[in-house]
Amino acid sequence: MAVIGISCFYHDSAAALISDDGEIIAAVQEERFSRKKNDSRFPFCSVDYCYKIALEKKIEVKAYIYYEKPIRVFMRLLETYFNTAPRGISSFLPAMQTWIKEKLFIKDNIIAELKLIDESIIPEKLYFSEHHLSHAAAAFYPSPFEDAAILCMDAVGEWVTTSAWLGDKENIKPLWEINFPDSLGMLYSSFTYYCGFKVNSGEYKLMGLAPYGNPVYKDLILNNLIEIRDDGSFKLNMKYFKYHRGLKMISSAFIKLFGKPPRNPKDEITQFYMDMASSIQKVLEIAVLRIAKNLQKKTQKKYLCLAGGVALNCVANGKILDKSGFEKIWIQPAAGDAGSAVGCALSYIYKHTKQVRQINKNDSMKSSYLGPEFDNKIIQKYLDKLGIKYHKLEDTLLIKKVSDYLIKGKIIGWFQGKMEYGPRALCNRSIIADPRIKNMQQRMNLKIKFRESFRPFAPAILEEDKEEFFGIKDESPYMLLTRKLNSKFLKEKKSESTYKGTDRVNEIRSTLPAITHIDNSCRIQTISKERNPLFYLLLSEFKNQTGSPVLINTSFNVRGEPIICTPEDALRCFSFTNMDLLAIGNFLIVKSELDSDISKFFLKPYLIED
């Protein structure tokens, strides 16, 4: 038997199929099927995918679990609006209309959707978890730890924004919580909005922008916007915010305090907004580190598990690992709400059955390779249907050819195996290139990804070389930690840089310029033979030829579009960008060898503001 966990109606809708012994069989995000980034709709395609996997494996789906309790969310909205009335009426009325029409009847709506997939569904088979319990379960149960402290930080669930737990084998016990409107996630998102990026999807841009600035407003934020106490608890000064009572994130007092209006997303990013990004990043690091230190002191646990949207801040995660007192940390790769589809299902299993938790020394997320895969027969049939020229190669020759092309400076789409679950492409749906090439970062940002030039790229590195290059002893398979590149790979600065602002991206700081951020940090993914044997072979071949065990790994998509899922998605993205080659299964497509423009077969990718 199995259960299906569901997360939806806010952002990052997803579904997960979990067997009754706790095995994560499949997990997918709706955006990959709908091609709408951060899709919040009911994850019909994702549930359908999980249900069909269950049918193929002759597994009975005995229950469906929703990741939070909608009525408690509704009560939070009502109480918040009543406490701030009459302010907020402009957002209160449309919100209530949406709730009365749709969200108050979520159970009926979910049942109606599920009936289109599973005709046997009855209301008694649908259960509801709690938002932060779903996060905590997603953080702890797949982790490699028998017991650990658990920390969940996000924008808001029903009421909770930050929570701490203890995990022990099959049990999770709550320790404490901080409630709305005090929220680190909402604080960081307020600055995301202020700096001209989109809330709930642009936070990683703010993190990437931070090293370009100086934290000159850190004290102003700490003295006015947030009080961080010695025990890690915190309180926001709601005078400066409107997210609890209006349609905007910040108030006029916020703008008056900092002296400039929110940046128009179309405007240039000036030094002021770079400094704002740096300042809020430092404040977030202070807050999460103080929380983590206190949690370790109180629990005396060796290990920490993290989930919630704030846990996607890989710079803050690095600070926790280095300075909190925990020996090891494990971060749920789908740390946001998408991962709660896994968490709510696991929580149900261990709460309602007497299953003994099986602990995997690496973790139980199967390296996040939990989505659809397409064999060579399907791929070849599709390519032949379009009449696209390709080279069919065995693994060894494919690896050799791809490595040769990478050394020549070619940019390659890499489509292999099962699709990743979570926000990171982990070398199954990736665009790869040689990080030693000086202008590769700028070239890939502007000509391939069509995104801001300041955005850094992540390195994928052979597991056995991680300590030499980045000084880390434990693996980092999910790209959720930043580390500084070892000084022996850095270039000595001979004079003052002539580059200013985000143009500093063009400075050559290391022997691997395309993956070295301006503060010499890198968001690392370690590759082991056990987790991804094919990409491990590619990195090994590249190292044999060049001496470098590192490749650029960025997600296979363009700005505004989700990571690709299918061969069709791969061909579409390949055809409308300046990628040179596509390695899809055992087929290698060289764009320069194609007889005609294959973009005629496809609609353009989104290429919209995100």
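**Charges.** I began with the charged side chains of this predicted model, and I found 87 positive and 72 negative ones in the chain, with the centres of the two sets lying 4 Å apart.

**Overall form.** I next looked up the secondary structure and noted 19 helices and 22 strands in the chain. For the dimensions, I took the C-alpha trace along its principal axes, where the chain spans about 65 × 65 × 50 Å. I then compared the radius of gyration with what a compact globule of 610 residues would have, which is near 25 Å; the chain has 24 Å, and I therefore recorded agreement. The accessible surface came to about 25,000 Å², and I noted that 50% of this belongs to carbon and sulfur atoms. Of the 610 residues in the chain, 60% are buried. I also looked at how contacts are distributed along the sequence: among those between residues at least 6 apart, 72% join residues at least 24 apart.

**C50.** I went on to single residues, and I located C50 in helix α2, which covers residues 44-56. Its relative accessible area is 0%, so I entered C50 as buried, the cut-off being under 20%. Setting aside the neighbours within four places in sequence, I listed I4, A15, A16, L17, A26 and V28 as the residues in contact with C50. I also took the C-alpha to C-alpha distance from C50 to D384, which is 29 Å, for a pair that stands 334 residues apart in sequence.

**D182.** I found D182 in the loop between β8 (171-179) and α7 (184-194). Is this loop residue, D182, buried or exposed? Its relative accessibility is 9%, and because buried means under 20%, I counted D182 as buried. Beyond the neighbours within four places in sequence, D182 is in contact with T161, F234, K235 and L236.

**Q441.** I placed Q441 in helix α16, which runs over residues 440-448, and with 4% relative accessibility Q441 counts as buried. Which backbone atom does the side chain of Q441 reach? I traced the side chain of Q441 to the backbone oxygen of R455, at 2.9 Å. R455 also appears in the list of contacts that I drew up for Q441 with its neighbours within four places in sequence left aside; that list further holds S453, F454, P456 and F457, together with V505, P513 and A514.

Note on methods
Residues numbered from 1 in each chain as written. Predicted model: local features only at pLDDT ≥ 70, side-chain atom pairs only at ≥ 80, totals over all residues. Heavy atoms only, no water. Helix = DSSP H or I, 4+ residues; strand = E, 2+ residues; numbered from the N terminus. Buried < 20%, exposed > 50% of the residue type's maximum accessible area, 1.4 Å probe, protein only. Polar contact = N/O pair within 3.5 Å; in protein donor to acceptor, adjacent residues only side chain to side chain. Contact = heavy atoms within 4.5 Å. Rg over C-alpha atoms; globule rule 2.2 N^0.38 Å. Areas by Shrake-Rupley, 256 points an atom, 1.4 Å probe, with all protein chains shown as cover. Lys, Arg positive; Asp, Glu negative; His and termini not counted. Charge placed at Lys NZ, Arg CZ, Asp CG, Glu CD.
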